Amino acid sequence: MLKDIRNNYQQNELLEKDVKENPLEQFRIWLDESLRSKVNEPTAMVLSTVDGQNRPHARVVLLKEQNSQGFVFFTNYSSAKAGHIAINRFASLTFFWPELERQVRIDGSIERISGKLSDEYFASRPVDSRLGAWASPQSQVISSKSVLDESFSKYRKKFGDEIPRPQNWGGYLVIPYQIEFWQGRPNRLHDRICYQLEKNGWKIVRLAP
Ligand SMILES: Cc1cc2nc3c(=O)[nH]c(=O)nc-3n(C[C@H](O)[C@H](O)[C@H](O)COP(=O)(O)O)c2cc1C
(Lines give C-alpha, C1' and ligand atoms only; values in the text may rest on other atoms or scores of the structure.)
Protein backbone atom coordinates (compact mmCIF):
# COMPACT_ATOMS: atom_id res chain seq x y z
CA MET A 1 0.00 0.00 0.00
CA LEU A 2 1.30 3.45 -0.89
CA LYS A 3 0.47 4.81 2.56
CA ASP A 4 2.75 2.21 4.16
CA ILE A 5 5.87 3.19 2.21
CA ARG A 6 8.01 5.06 4.68
CA ASN A 7 11.77 5.35 5.20
CA ASN A 8 13.54 6.48 8.32
CA TYR A 9 16.50 8.57 7.16
CA GLN A 10 19.62 8.36 9.26
CA GLN A 11 22.78 8.22 7.10
CA ASN A 12 24.08 11.76 7.58
CA GLU A 13 23.48 15.06 9.23
CA LEU A 14 23.98 18.65 8.10
CA LEU A 15 25.12 21.19 10.67
CA GLU A 16 25.70 24.91 10.30
CA LYS A 17 29.25 24.52 11.58
CA ASP A 18 30.15 22.10 8.80
CA VAL A 19 28.80 23.90 5.72
CA LYS A 20 30.74 26.18 3.37
CA GLU A 21 30.03 29.93 3.37
CA ASN A 22 29.25 29.79 -0.34
CA PRO A 23 26.40 27.47 -1.43
CA LEU A 24 28.01 26.79 -4.81
CA GLU A 25 31.01 25.32 -2.98
CA GLN A 26 28.68 23.34 -0.71
CA PHE A 27 26.83 22.06 -3.79
CA ARG A 28 30.11 20.92 -5.34
CA ILE A 29 30.87 18.87 -2.22
CA TRP A 30 27.47 17.17 -2.33
CA LEU A 31 27.66 16.61 -6.09
CA ASP A 32 31.12 15.04 -5.73
CA GLU A 33 29.77 12.79 -2.96
CA SER A 34 26.89 11.75 -5.24
CA LEU A 35 29.34 10.94 -8.04
CA ARG A 36 31.53 8.92 -5.68
CA SER A 37 28.54 7.12 -4.15
CA LYS A 38 27.42 5.90 -7.59
CA VAL A 39 24.04 7.61 -7.25
CA ASN A 40 21.87 6.74 -10.27
CA GLU A 41 21.76 9.80 -12.61
CA PRO A 42 23.49 12.19 -10.16
CA THR A 43 23.32 15.11 -12.62
CA ALA A 44 19.59 14.76 -13.31
CA MET A 45 17.63 17.73 -11.97
CA VAL A 46 14.01 18.81 -12.19
CA LEU A 47 13.77 22.17 -13.95
CA SER A 48 10.63 24.11 -13.10
CA THR A 49 9.50 27.05 -15.22
CA VAL A 50 6.39 29.21 -15.24
CA ASP A 51 4.35 30.03 -18.36
CA GLY A 52 2.55 33.22 -19.39
CA GLN A 53 -0.57 32.19 -17.42
CA ASN A 54 1.50 31.72 -14.22
CA ARG A 55 1.22 27.94 -14.50
CA PRO A 56 4.26 25.91 -13.44
CA HIS A 57 5.80 23.17 -15.60
CA ALA A 58 8.49 20.73 -14.48
CA ARG A 59 10.73 18.27 -16.33
CA VAL A 60 14.12 16.60 -15.87
CA VAL A 61 17.26 17.97 -17.57
CA LEU A 62 20.94 17.18 -17.04
CA LEU A 63 23.42 19.47 -15.29
CA LYS A 64 26.35 19.87 -17.68
CA GLU A 65 28.43 22.46 -15.86
CA GLN A 66 28.58 24.08 -12.47
CA ASN A 67 30.75 27.16 -12.04
CA SER A 68 31.05 30.12 -9.65
CA GLN A 69 28.05 31.78 -11.35
CA GLY A 70 25.61 28.91 -11.30
CA PHE A 71 24.26 25.84 -13.08
CA VAL A 72 24.26 25.12 -16.83
CA PHE A 73 22.02 22.80 -18.86
CA PHE A 74 21.43 22.47 -22.59
CA THR A 75 18.20 22.33 -24.52
CA ASN A 76 16.23 23.48 -27.55
CA TYR A 77 15.65 27.27 -27.64
CA SER A 78 12.34 26.66 -29.48
CA SER A 79 11.03 24.24 -26.82
CA ALA A 80 8.13 24.84 -24.44
CA LYS A 81 10.54 25.52 -21.56
CA ALA A 82 12.41 28.11 -23.65
CA GLY A 83 9.08 29.86 -24.31
CA HIS A 84 8.44 30.02 -20.57
CA ILE A 85 11.94 31.34 -19.85
CA ALA A 86 11.50 34.08 -22.47
CA ILE A 87 8.39 35.27 -20.59
CA ASN A 88 9.51 34.62 -17.00
CA ARG A 89 13.21 34.75 -16.17
CA PHE A 90 12.89 32.82 -12.91
CA ALA A 91 13.28 29.04 -12.59
CA SER A 92 13.93 26.34 -10.02
CA LEU A 93 16.15 23.28 -10.08
CA THR A 94 15.60 20.29 -7.78
CA PHE A 95 18.05 17.46 -7.23
CA PHE A 96 17.03 14.31 -5.36
CA TRP A 97 19.80 11.90 -4.42
CA PRO A 98 17.85 9.10 -2.66
CA GLU A 99 20.91 6.94 -2.00
CA LEU A 100 22.29 9.78 0.16
CA GLU A 101 18.88 10.85 1.53
CA ARG A 102 19.50 14.33 0.13
CA GLN A 103 17.61 17.01 -1.79
CA VAL A 104 18.92 20.33 -3.11
CA ARG A 105 16.53 23.09 -4.18
CA ILE A 106 17.85 25.98 -6.24
CA ASP A 107 15.85 29.12 -7.10
CA GLY A 108 17.34 31.60 -9.50
CA SER A 109 17.14 33.74 -12.57
CA ILE A 110 17.99 32.17 -15.89
CA GLU A 111 19.77 33.39 -19.00
CA ARG A 112 21.26 31.98 -22.19
CA ILE A 113 24.98 31.25 -22.22
CA SER A 114 27.08 32.58 -25.11
CA GLY A 115 26.93 31.01 -28.58
CA LYS A 116 30.64 30.25 -28.26
CA LEU A 117 30.17 28.18 -25.07
CA SER A 118 27.19 26.37 -26.60
CA ASP A 119 29.31 25.64 -29.70
CA GLU A 120 32.04 24.16 -27.51
CA TYR A 121 29.67 21.86 -25.66
CA PHE A 122 27.77 20.88 -28.82
CA ALA A 123 31.03 19.88 -30.51
CA SER A 124 31.83 17.57 -27.58
CA ARG A 125 28.58 15.57 -28.00
CA PRO A 126 28.48 12.22 -29.83
CA VAL A 127 27.56 12.46 -33.53
CA ASP A 128 24.13 10.88 -33.04
CA SER A 129 23.23 13.31 -30.25
CA ARG A 130 24.24 16.21 -32.47
CA LEU A 131 22.05 14.88 -35.29
CA GLY A 132 19.22 14.34 -32.81
CA ALA A 133 19.32 18.03 -31.93
CA TRP A 134 18.67 18.84 -35.61
CA ALA A 135 16.10 16.09 -36.13
CA SER A 136 13.76 16.79 -33.19
CA PRO A 137 11.50 19.87 -33.08
CA GLN A 138 11.39 19.58 -29.30
CA SER A 139 7.97 20.06 -27.65
CA GLN A 140 6.06 20.18 -30.98
CA VAL A 141 3.31 17.71 -31.88
CA ILE A 142 4.50 15.24 -34.53
CA SER A 143 2.25 12.97 -36.58
CA SER A 144 4.24 9.79 -35.94
CA LYS A 145 7.58 8.40 -34.79
CA SER A 146 8.66 7.93 -38.40
CA VAL A 147 8.81 11.72 -38.81
CA LEU A 148 11.80 11.70 -36.45
CA ASP A 149 13.52 8.75 -38.13
CA GLU A 150 13.16 10.39 -41.56
CA SER A 151 14.38 13.72 -40.26
CA PHE A 152 17.38 12.06 -38.58
CA SER A 153 18.34 10.28 -41.85
CA LYS A 154 17.91 13.51 -43.81
CA TYR A 155 20.35 15.38 -41.55
CA ARG A 156 22.79 12.47 -41.49
CA LYS A 157 22.98 12.65 -45.32
CA LYS A 158 23.17 16.43 -45.30
CA PHE A 159 25.97 16.83 -42.72
CA GLY A 160 27.93 13.58 -42.58
CA ASP A 161 30.25 13.91 -39.57
CA GLU A 162 30.58 17.72 -39.72
CA ILE A 163 27.53 18.77 -37.75
CA PRO A 164 27.19 22.44 -36.79
CA ARG A 165 25.16 23.54 -33.76
CA PRO A 166 21.55 24.39 -34.67
CA GLN A 167 20.91 28.09 -33.95
CA ASN A 168 17.96 27.10 -31.77
CA TRP A 169 19.94 24.77 -29.52
CA GLY A 170 22.18 25.85 -26.64
CA GLY A 171 22.74 26.34 -22.95
CA TYR A 172 21.05 28.18 -20.12
CA LEU A 173 22.66 29.35 -16.89
CA VAL A 174 20.62 29.36 -13.69
CA ILE A 175 22.04 32.05 -11.36
CA PRO A 176 20.86 31.25 -7.83
CA TYR A 177 19.47 33.64 -5.24
CA GLN A 178 18.44 30.83 -2.87
CA ILE A 179 19.75 27.29 -2.36
CA GLU A 180 18.46 24.82 0.21
CA PHE A 181 20.29 21.66 1.26
CA TRP A 182 18.03 18.99 2.76
CA GLN A 183 19.43 16.02 4.62
CA GLY A 184 17.05 13.30 5.80
CA ARG A 185 17.11 12.66 9.56
CA PRO A 186 15.34 10.24 11.90
CA ASN A 187 11.75 10.93 13.05
CA ARG A 188 11.14 13.40 10.20
CA LEU A 189 13.34 15.96 11.97
CA HIS A 190 15.33 16.59 8.81
CA ASP A 191 18.14 19.13 8.44
CA ARG A 192 17.32 22.05 6.12
CA ILE A 193 20.13 24.55 5.63
CA CYS A 194 19.09 27.42 3.36
CA TYR A 195 21.34 30.05 1.77
CA GLN A 196 19.70 33.34 0.83
CA LEU A 197 21.49 35.95 -1.24
CA GLU A 198 21.55 39.38 0.41
CA LYS A 199 23.32 42.62 -0.50
CA ASN A 200 26.43 41.66 1.48
CA GLY A 201 26.56 38.04 0.44
CA TRP A 202 25.02 34.74 1.42
CA LYS A 203 23.02 34.45 4.64
CA ILE A 204 22.63 30.96 6.11
CA VAL A 205 19.43 29.99 7.96
CA ARG A 206 17.97 26.74 9.25
CA LEU A 207 14.40 25.90 8.23
CA ALA A 208 12.00 23.64 10.10
CA PRO A 209 11.42 20.38 8.28
C1 LIG B 1 17.06 11.71 -17.26
C2 LIG B 1 16.56 12.76 -18.24
C3 LIG B 1 17.46 13.69 -18.74
C4 LIG B 1 17.03 14.67 -19.63
N5 LIG B 1 17.93 15.63 -20.04
C6 LIG B 1 17.49 16.64 -20.84
C7 LIG B 1 18.36 17.71 -21.17
O8 LIG B 1 19.52 17.80 -20.70
N9 LIG B 1 17.89 18.67 -22.00
C10 LIG B 1 16.62 18.64 -22.50
O11 LIG B 1 16.26 19.54 -23.27
N12 LIG B 1 15.76 17.65 -22.19
C13 LIG B 1 16.17 16.65 -21.36
N14 LIG B 1 15.29 15.64 -21.01
C15 LIG B 1 13.92 15.67 -21.57
C16 LIG B 1 13.05 16.69 -20.79
O17 LIG B 1 12.64 16.11 -19.56
C18 LIG B 1 11.82 17.17 -21.58
O19 LIG B 1 11.07 16.04 -22.02
C20 LIG B 1 12.19 18.01 -22.80
O21 LIG B 1 13.26 18.90 -22.52
C22 LIG B 1 11.01 18.82 -23.30
O23 LIG B 1 10.55 19.67 -22.28
P24 LIG B 1 9.60 20.93 -22.59
O25 LIG B 1 8.59 20.46 -23.64
O26 LIG B 1 8.96 21.29 -21.28
O27 LIG B 1 10.46 22.05 -23.13
C28 LIG B 1 15.68 14.68 -20.09
C29 LIG B 1 14.78 13.73 -19.57
C30 LIG B 1 15.22 12.79 -18.65
C31 LIG B 1 14.20 11.81 -18.09
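Residues count as buried under 20% relative accessible area and as exposed over 50%. The model shown in these views is predicted.

**View 1. Helix H5, residues 145-159, and its length.** The 15 residues of H5 should span 21 Å at 1.5 Å a residue, and the C-alpha atoms at its ends lie 22 Å apart, which agrees. Gly160 follows H5 and has a positive phi, near 65°.

**View 2. The two sides of helix H5.** Ser151, Tyr155 and Phe159 are the buried residues of this helix. Looking down the axis of H5, these buried residues fall within an arc of 50°, so they line one face of the helix. Helix H4 (127-135) is included in what covers them. Lys145, Glu150 and Lys157 are exposed, on the face of H5 turned away from the buried side.

**View 3. The largest pocket.** Its volume is about 370 Å³. The lining consists of 18 residues, and those nearest the centre are Phe74, Thr75, Arg125, Gln138 and Trp169. At least two lining residues come from each of strand S2 (56-62), strand S4 (71-76), helix H3 (115-124) and H4. Eight residues of this lining are nonpolar, seven polar and three charged.

**View 4. The second largest pocket.** This pocket holds about 160 Å³ of space. Among its lining residues are Lys64, Glu65, Asn67, Val72, Phe74, Leu117, Glu120 and Tyr121. S4 and H3 are the elements that give two or more residues to the lining; H3 supplies the largest share, three residues. By class, six lining residues are nonpolar, two polar and three charged.

Key:
Residues are numbered from 1 along each chain as its sequence is written. This is a predicted model: local features need pLDDT of at least 70, side-chain atom pairs count only at pLDDT 80 or more; totals for chains, interfaces and linings use all residues. Side-chain values use heavy atoms; hydrogens and water are left out. Helices (H or I, at least four residues) and strands (E, at least two) are DSSP runs, numbered from the N terminus. The expected span of a helix is 1.5 Å times one less than its number of residues. Buried means under 20% relative accessible area, exposed over 50%, partly exposed in between (1.4 Å probe, protein chains only). The arc is that of the directions from the helix axis to the C-beta atoms. Contact means heavy atoms within 4.5 Å. On a 1 Å grid over the protein atoms alone, a cavity is a set of points where a 1.4 Å probe fits but cannot get out, and a pocket is an open set with protein on both sides within 12 Å along at least five of seven lines; lining residues have an atom within 4 Å of a point. Grid points are joined across faces, edges and corners, and a volume is the space filled by probe spheres set on the points. Ala, Val, Leu, Ile, Met, Phe, Trp, Tyr, Cys and Pro count as nonpolar, Asp, Glu, Lys and Arg as charged, and the others, Gly among them, as polar.
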